[in-house]
Protein chains: 2
Amino acid sequence: MDLTDLASRLASGDRRALARAITLVESRRADHREAALALLADLARNGREALRIGLSGTPGVGKSTFIESFGLRLTGQGLKVAVLAVDPSSARSGGSILGDKTRMERLSRDPQAFIRPSPSQTHLGGVARRTREAVALCEAAGFDVILIETVGVGQSETVVAQLCDLFLLLLAPAGGDELQGVKRGIMEMADLILVNKADGDLKPAALRTVADYAGALRLLRRRPQDPEDFPKAMPVSALEEQGLADAWTEMQALVAWRRETGHFARRRAEQARHWFEEEVREGLLAVLSRPGPARERMARLGAAVTRGEITPEAAAAELLTTL
Amino acid sequence: MDLTDLASRLASGDRRALARAITLVESRRADHREAALALLADLARNGREALRIGLSGTPGVGKSTFIESFGLRLTGQGLKVAVLAVDPSSARSGGSILGDKTRMERLSRDPQAFIRPSPSQTHLGGVARRTREAVALCEAAGFDVILIETVGVGQSETVVAQLCDLFLLLLAPAGGDELQGVKRGIMEMADLILVNKADGDLKPAALRTVADYAGALRLLRRRPQDPEDFPKAMPVSALEEQGLADAWTEMQALVAWRRETGHFARRRAEQARHWFEEEVREGLLAVLSRPGPARERMARLGAAVTRGEITPEAAAAELLTTL
């Protein structure tokens with residue numbers, strides 16, 4: 001593989017080169033990994049920056065429809081839009097979010113757009129690295145906006161929050177009781193809560209839900225880095241394409257504020273440091289899963305622990321001194 | 001400190017020696033750690049085994065009253081009872097569960113009982129190790145039953161489930177809606193759901209709640225290691241000391257079954273292996289937090305990542321090759 005050629009085609013915005021580069025960073029082969037690191041280091045020098053938007057919402061709230069409508073609105077303004085997914089659950093279900101591109105038929109055919117389904121992965125660490133590197137590749141390819149989708153399960157929101165500049169939470173209209181179903185931790189990550197399906201019969205319920213969340217958001221501690229009226233809740237209809245322009249205006253206003261106050265750059269710097277530390281931790285632990293003397297010794301000591309011949313603490317101490 | 005003396009006094013059931021030994025395993029000093037490991041290895045040879053019972057329940061369900069009533073019932077039968085706590089939240093709140101022994105005044109004055117409050121800890125790994133080692137010390141001191149209490153937050157239940165032979169979930173009487181408030185994962189860990197406060201005005205509600213949970217438990221997949229009617233839900237009143245004898249009978253029946261089927265020993269072996277692997281992981285990562293060249297290099301590279309001079313991946317790769 002000619003890395004220089006791949007890098008230059010990717011930098012010129014070639015979507016096939018981008019897809020190939022993402023496949024490279026997803027590979028677990030050691031030689032691919034080395035090539036991927038060289039490619040990423042090379043492309044990091046081109047200094048392009050996209051707006052990274054995280055999007056979370058449980059199945060059924062209309063995430064695909066939202067991404068399609070919102071994405072087409074942005075490409076209609078001349079922006080290039082990439083869509084990625086963090087889906088740690090796909091390994092179990094066998095499926096993957098975004099896997100069915102037909103759910104976003106128009107956007108996937110748009111030459112200004114790039115959609116990458118989430119491959120199945122066995123652990124969140126692998127998903128995080130893959131997505132982080134795919135984001136870097138999309139930025140280098142000149143995309144203006146990167147949407148990073150996740151399904152509202154477990155810790156995947158935390159991963160996405162560490163990858164994005166803005167975090168959107170997409171919700172369906174709900175009765176007041178269901179409000180409690182949204183975990184406080186996820187509420188606290190959101191910069192903008194969008195209540196979807198504000199159309200037809202559901203419109204009154206959607207507006208009530210917006211008011212409920214607006215009330216709940218006021219109870220959260222204000223974040224010093226944000227203007228006074230953020231985080232906020234708004235109604236949208238992805239289906240009827242209503243409220244999307246307003247939502248985009250709010251996002252741009254928040255980003256402009258954060259850039260001015262320096263928070264935007266500071267957050268990116270902190271995220272980079274976070275990922276560096278995560279990579280180091282995972283790299284250290286990888287010693288234990290790679291075939292070799294460490295893994296063999298661990299298996300032998302583990303068996304002795306299981307048989308009760310040695311305490312877990314003593315066995316761990318013995319293994320660690322030899323590492 | 002004379003370790004041989006401490007070990008022999010502890011093995012003879014001296015509660016002050018036990019308390020001192022637990023303080024030793026809680027210490028972060030390197031020489032204390034070494035002594036603690038020697039003590040644990042020494043005592044592991046005495047082969048005593050207690051019944052380890054995990055107990056979870058959110059604040060307000062009456063955990064302290066339950067532990068006092070249940071504990072006194074066991075000591076009344078001539079059993080020696082130790083009470084420990086896993087409380088990862090105490091670092092934040094400043095307090096600690098079990099910290100106020102006056103909540104269990106009678107039990108704390110019982111010469112057959114030993115109560116150890118949870119010290120504040122900054123991470124769950126530290127809490128897990130401390131509790132695991134305290135359990136081993138209580139077993140070596142000849143206690144028959146060890147109650148390991150936790151508050152229903154985050155991952156502390158998972159830690160306790162890996163430490164105990166039986167897991168109890170203590171709940172308050174509730175309306176049907178609140179049933180959903182118990183996370184499915186925690187329900188699945190429970191061997192016995194005890195609905196407390198089945199006394200006075202709340203008794204009808206408690207019985208209804210028991211029926212609700214019994215129904216919910218039937219929907220869970222049956223565990224192959226258990227008799228057909230487990231897990232089960234029962235009403236108790238810690239205040240009026242009702243239902244405690246029945247609950248204890250059920251616990252003993254389940255334990256007898258698990259011993260016969262070999263599951264009891266298998267679970268302990270798996271737990272030991274789990275803790276061995278956790279210890280190895282934490283020990284590896286400790287390299288990064290101990291003062292020394294690794295930590296210095298990590299700080300230097302982290303700063304370079306923050307300034308955008310190097311990508312997180314490249315910095316991690318550089319650090320890992322030198323480790």
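**Two chains, one axis, and a seven-stranded sheet**

I start with the symmetry. Chain A can be laid on chain B with an RMSD of 0.1 Å by a turn of 180 degrees and a shift of 0.1 Å along the axis. The two copies are thus related as by a two-fold rotation axis. That superposition is by least squares on the C-alpha atoms of residues with pLDDT of at least 70 in both copies.

Some conventions before I go on. This is a predicted model, in which local features need pLDDT of at least 70 and side-chain atom pairs count only at pLDDT 80 or more, while totals for chains, interfaces and linings use all residues. Residues are numbered from 1 along each chain as its sequence is written, chains are lettered from A and ligands numbered from 1 in the order in which they are written, and side-chain values use heavy atoms, with hydrogens and water left out.

Back to the axis. Of the residues of chain A, Leu284(A) comes closest to it, with its C-alpha at 3.5 Å. As for the interface, 100% of the interface residues of chain A are also interface residues in chain B, so the copies meet through the same surface.

Next, one residue, Glu279(A). It is found in helix H12 of chain A, residues 263–286. Helices here are DSSP runs of H or I of at least four residues, strands are runs of E of at least two, and both are numbered from the N terminus. Is Glu279(A) buried or exposed? At 8% relative accessibility, Glu279(A) counts as buried. The cut-offs are under 20% relative accessible area for buried, over 50% for exposed, and partly exposed in between, with a 1.4 Å probe and protein chains only. Not counting residues up to four places away in sequence, Glu279(A) touches Arg129(A) and Arg132(A), and from chain B Ala316(B) and Leu320(B). Contact means heavy atoms within 4.5 Å. With Arg132(A), the side chain of Glu279(A) also makes a polar contact of 3.0 Å. A polar contact is a pair of N or O atoms within 3.5 Å; within protein, one must be able to donate a hydrogen and the other to accept it, and residues adjacent in sequence count only if both atoms are side-chain atoms.

Now the sheet in chain A. This is an open sheet of seven strands with parallel pairing, in the order S3-S2-S4-S1-S5-S6-S7. Its edge strands are S3 (113–115) and S7 (232–235), each of which pairs on one side only. Neighbouring strands are turned by 20 degrees against each other on average, direction ignored. Two strands pair if DSSP finds at least two bridges between them.

Helix H4 (residues 63–76) of chain A packs on this sheet, touching S1, S2, S3, S4, S5 and S6 (192–195) of chain A, and its direction makes about 175 degrees with that of S4(A). Helix H10 (residues 203–219) of chain A packs on the sheet too, touching S5, S6 and S7 of chain A, and its direction makes about 175 degrees with that of S7(A). For these angles, axes are lines fitted to C-alpha atoms, for helices over the stretch in contact, and angles run from 0 to 180 degrees between N-to-C directions.

Strand S1 of chain A, residues 51–57, deserves a closer look. Seven bridges join S1(A) to S4 (residues 145–151) of chain A, with Arg52(A) opposite Ile146(A). Four bridges join S1(A) to S5 (residues 166–171) of chain A, where Ile53(A) has Leu166(A) as its bridge partner. Seven of the seven residues of S1(A) are buried, so the strand is largely enclosed by the rest of the structure. Leu51(A), Ile53(A), Leu55(A) and Gly57(A) point one way, whereas Arg52(A), Gly54(A) and Ser56(A) point the other way.

On the far side of S4(A) there is S2 (residues 81–86) of chain A, paired with S4(A) in the parallel sense over six bridges. Val83(A) has Leu147(A) as its bridge partner there.Finally, two elements of chain B. In S5(B), six of six residues are buried: Leu166(B), Leu168(B) and Leu170(B) on one side, and Phe167(B), Leu169(B) and Leu171(B) on the other. Leu169(B) has Ser56(B) opposite and Ile193(B) in S6(B) as a bridge partner.

Helix H2 (residues 15–26) of chain B has twelve residues, which at 1.5 Å a residue should span 16 Å, and its end C-alpha atoms are 17 Å apart, which agrees. The expected span is 1.5 Å times one less than the number of residues. Asp14(B) caps the N-terminal end of H2(B), with a side-chain oxygen 2.8 Å from the backbone nitrogen of Arg16(B).
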